[in-house]
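The following paragraphs are meant to be read alongside the model. They go from the overall description of one chain to individual helices, loops and charged pairs.

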Amino acid sequence: MTILDRKLLRDLRQSWHMLLAVSAIIAVGIGCFVGMLSAAKNLEFARSSYYSSCRLADIWIDLKKAPAEEVKRLAMIPGISEIRERIQFQVLLDLAGTEKPIGTMVISLPDKEEPVINNIIIRTGAYFTHGRANEVIISEKFAKARSIVPGDRIFALLNNQREELIVVGTAISAEFVYMVSPGSMIDDPGSYGLMYIKQSFAEDIFGFNGACNSVVGLLAPEARQEAERIVKTLSDRLEPYGVFAALSRAEQFSPMILDGELKELNNMAFIFPSFFLVVATLLLNVLMIRLAEQQRTVIGTLKAIGYENRALMFHFLKFAVTAGLAGGSLGCLFGYWLAGVNTRMYVQYFSFPQLTNMLYPSLLLAGLSVSILFSILGTLKGIGHIMRLDPAEAMRPAAPPLGGAVFLERIHLFWHYLDVQWQMILRGLLRNKGRTAVAVISAAMGSSIVVLTFGFVDSLDEMVRQQFDTVLRSDYHLTFQNEMDFSTLDEIRRFPGVIHAEPVFIVPCTFRVQNHFKRSAIMGIPPNGELTAPTNGQGERIPMPGTGLLMTDRLMERLGISAGDSVAVLPVKGERRTLTLPVVEGISSMVGMMVYADYNWLNHVLRQEPVISEVRVLTAHGPTEKRAFMNTVRTMPGLEILTDLGEQKDALNRQLNGMMRYSAIIMILFAAVIFFGAILNGTLIAISERRVEMATFRAIGYYESEVARLFLRENLLINVIGTLIGLPLGYWLLTGIMQLFITDAYSFPAKLNGLSYIYTVALAVLFVLSSQGIVRRTLRKQNWVEALSLKE
Amino acid sequence: MTNRPVLMKLENVHRTFQVGEIAVHVLRGVDLDIYAGELLIIQGESGSGKSTLMNMIGGIDQPSQGKISFEGQDISQLGDRRLTRFRRDQVGFVFQFYNLVPTLSALENVATATEIAENPMNPAEALDLVGLSERMHHFPAQLSGGEQQRVAMARAIAKHPKLMLCDEPTGALDHENTIMILELLQRLNRETGTTMVMITHAQAMTRMANRIAFIADGKIAKVSHNATPLLAKELIW
Ligand SMILES: Nc1ncnc2c1ncn2[C@@H]1O[C@H](COP(=O)(O)OP(=O)(O)OP(=O)(O)O)[C@@H](O)[C@H]1O
Ligand SMILES: [Mg+2]
């Protein structure tokens, strides 16, 4: 080992506190970087093997009813490599021990196992046998949530007949990695089921012999780029059979949610760590400049006795790179762990046959390289000082630090109001502008992360609040297979427990503006209804116009129109005539892209007798009333979906609480690392630099606590200022990130409560106060006598 | 004196420092020959430019104008790398405030020089020469001023420099330590023939030199000779 390296080791040992502070910040940054990208890779790997083993479709078409023979011929369309027709229905399960009929998706599968498109993977039990027609395979998640095992018998209302079904197995499918019931927001496994029945049984029970209502297809690899166009071709060909939905894989719900999650992870893996790395780099710069100043004479001497600039540069580079490498390696370990935590969370959330945390050497390497790169960036200024240092100059006694008045002193009234200690602190801060700026920026970064975290929580709370307390004020939605007449509404109004019921007329349709198409639906609701209240972004109710549509802003954007424009509407059902309807005003919808219209007007423009697709009800909340209501609903013919909004809200709150609060705590801890790192770094440097000054204070009779208070005041001042600067920065980040999260399915409002700002400042103060312990310990360990007698 | 060869030649050396708007013209045409093996003392008032001159002799600074040659080679125009090479191979520095690396032991401080020299002594041997073999593993903070200065001397001599430059090497020392350092320097000068240039304020010390150069007004005002230099221990003041 060379002498310089030996000196390096001693220097490192001497400033290990400061290096640790910097390394910890780097470690968090690299940890997030490696952790999020590893988690993303885990998901990507799991996804691609899952998709290919289940042969996940590239295109989906839902229609009313089409002859299977006709559909089979579609395989001839160029670009399509395989087509499968199937039967799929929303049914209600009647499970022993549950009051509420549970909505379930039923999909047909071949009687004999074969590798069809959108195949399943059996998890327990087995595939269908020859014997019984009424065998079913249910989704693993639902089975677990509802404690159903192979061999159980369950009852379902299939095509208005109560049927007994025999569970032969449980399975998962790549088609439903994330499954949400119609009209819901989250995957709540117990509240919405999925089951597979034999093709022959489905044909019999639904009267679909030789027919289908769902078409899935695979594209030839070279045609994948043109998925949208082929979907359009297919849907045009199938148009006579009443196409409800025609989607490419990118638009299909579960793949879309996964894509969104991956995009989010990949974005955050770069946004989030950059905060930490920027702060670490700035702090390292401060540290290295201080080191260069402290070692001015040593470096000058070494130069004088013949050391080359390059050797000294490497010497200092090694110092910083050690911090980088330490932080980077810690970060890699931390990242691997974090990826594990993340991945385990995804396992609860998404169903994959195998989702495990793997080690990605390339990512670790990237993490290390990034940390080294940033540590080198953190050395540049310090090295600049060293390179420029002239040995002759360094031998001369250092010029006494600049002592002129700072500008604040010219504001006499203010300045003389301060006590001497504040004057000292302010002078020090203003004379060391670079270092003060770094401390303030670090606090601002830390605070913006805290604000962002509170903002995530506030925004999700706000979303739940707006969705369930403002827009959807009903307790249940009863959605029917076919359009019903007004007698159904009257009947429901007489159901036990029902306080109030309102009709909804849903018109699935395609909106078209020039060459922008978007499949959606118009909800006809009573104009002054109590149960559904479209709102604007501020959560204010927008009155329903007598004519025209209220359309979600995002959808208007997609179609390239604004309020006042007209849009072509092609209804999916009934008389399939293109209408041109005016869009009166924009609304905000957090879930889906809703379009509302006056119930009566919508029926009128479709020139039909008023019909009902859904009834929204408000019920009494007592358990007996609820049970009576459920018992009546259970036997209601034609009911396709029963949405329980209370249960949805609870599930949403539960999941958000679990996931979000947990991440929030982690994020705040990360922000704490920035605060602590910056405070310690700054204070330790200040202590080493002002040793003589501090020693003089002690000598003339200041208590240690009084000396410590100088640092406390200084840190409070810096961090409160930084935190205040971080508040708008955090809000700006929040809106930016929420913008990134917007998909067709969700849009999150960026919301920050006033209280969150106060909490952030309070946390910053708390961080300063708790770092004071270490400051005092360091002060106590200083040898003041030595400091007074030592000549630096 | 004239029978010794010239080791270094300074011709019309100028040095100007730019301090903000003002140019401080410290050296205004120094002409000086340094002979191999001599002990040359430089004197002058504080601020007269002694250290400035010494820095240029030692290659840690360069003249604004004029020529400095070492063994016939012009070093006043050398680039940083060549100049560093010159210092590394030829020059031993002893500074007024010792300038040891505080985090390295005595032995390691000497090693900073031996490690990069071409034909160095063993660092322990150098410390032995200055009488510090007992304190090899002590750190600067654990040594007295005189001991620190002896470590600094060991660091300078360990690489067998042709030229030793001492800028007030005893400025911060008491009488006893001063004598000890001077004896060491003189022994080195006499036994190994190392050329020695020393700055000092102490009038008494001039009596051990071969020659004394006075700087005034940025020039060598006067050079005086000692026919029979005294031994360090014979000095009285
Ligand atoms: N880097 C510099 N920048 C500006 N002025 C300088 C610089 N170095 C030296 N000087 C000035 O040059 C003059 C000579 O300085 P120098 O250190 O050579 O004097 P000295 O003779 O060694 O004095 P002393 O006996 O006090 O050590 C002084 O006025 C000094 O202020
Ligand atoms: Mg001087």
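The text below starts with chain A as a whole and then turns to local features.

The model is predicted. In chain A, the secondary structure amounts to 24 helices and 20 strands. The C-alpha trace of chain A spans about 100 × 60 × 50 Å along its principal axes. Of the 792 residues in chain A, 57% are buried. Contacts in chain A between residues at least 6 apart in sequence are, in 80% of cases, between residues at least 24 apart. The exposed area of chain A is about 33,200 Å², and carbon and sulfur atoms supply 59% of it. As for charge, chain A carries 75 positive and 72 negative side chains, with the centres of the two sets 10 Å apart.

Helix α8 of chain A (residues 296–304) is largely enclosed by the rest of the structure, because seven of its nine residues are buried. The buried residues in this helix are A:V298, A:I299, A:G300, A:T301, A:L302, A:K303 and A:A304. Just after α8(A), A:G306 has a positive phi of about 115°.

A buried position in another helix is A:M630, in helix α19 (residues 623–634) of chain A. A:M630 counts as buried because its relative accessibility is 1%, below the 20% cut-off. Its C-alpha atom is separated by 7.5 Å from that of A:P101, although the two residues are 529 apart along the chain. Beyond its neighbours within four places in sequence, A:M630 is in contact with A:E99, A:K100, A:P101, A:Y476 and A:L642.

A surface feature of chain A is the nonpolar patch formed by A:L373, A:I376, A:L377 and A:L380, which together have about 330 Å² of accessible area. Helix α10 (residues 361–377) of chain A gives the most to this patch, with three residues. A:L380 is placed in helix α11 (residues 380–388) of chain A, and at 49% relative accessibility A:L380 counts as partly exposed.

Two residues of chain B stand out by their backbone angles. Most residues other than glycine have a negative phi. B:E71, however, has a phi near 45°; this residue lies in the loop between β4 (65–70) and β5 (73–74) of chain B. B:Y98 is not a glycine either, and its phi is positive at about 65°. B:Y98 is in the loop between β6 (91–94) and α3 (106–114) of chain B. Which of these two loop residues is buried and which is partly exposed? B:E71 is partly exposed at 44% relative accessibility, whereas B:Y98 is buried with a relative accessible area of 11%.

The last topic is charge pairing. Side chains of opposite charge can pair when their charged atoms come close. Over all chains, the count of salt bridges comes to 42. One of them joins A:R654 and A:D188, with an N to O distance of 3.6 Å. This pair links distant parts of the chain: A:R654 is in helix α20 (residues 645–689) and A:D188 in the loop between β8 and β9 (193–198), 466 residues apart. A:R654 counts as exposed at 51% relative accessibility, while A:D188 is buried with a relative accessible area of 14%. In chain B, the side chains of B:K9 and B:D33 form a salt bridge at 3.1 Å, N to O. B:K9 belongs to strand β1 (residues 6–19) and B:D33 to strand β2 (residues 22–35), 24 residues apart. Finally, A:R6, A:R10 and B:E108 are joined into one network by salt bridges that share partners.

Definitions and conventions: Residues are numbered from 1 along each chain as its sequence is written. Chains are lettered from A and ligands numbered from 1 in the order in which they are written. This is a predicted model: local features need pLDDT of at least 70, side-chain atom pairs count only at pLDDT 80 or more; totals for chains, interfaces and linings use all residues. Side-chain values use heavy atoms; hydrogens and water are left out. Patches are made of residues with over 30% relative accessible area and no salt bridge: like charges are joined within 9 Å, nonpolar side chains (Val, Leu, Ile, Met, Phe, Trp, Tyr) within 5 Å. Accessible areas come from the Shrake-Rupley method with a 1.4 Å probe; for residues, only the protein chains shown count as cover. A salt bridge is a side-chain nitrogen of Lys or Arg within 4 Å of a carboxyl oxygen of Asp or Glu. Helices (H or I, at least four residues) and strands (E, at least two) are DSSP runs, numbered from the N terminus. Buried means under 20% relative accessible area, exposed over 50%, partly exposed in between (1.4 Å probe, protein chains only). Contact means heavy atoms within 4.5 Å. Lys and Arg count as positive and Asp and Glu as negative; His and the chain ends are not counted. The place of a charge is taken as NZ of Lys, CZ of Arg, CG of Asp or CD of Glu.
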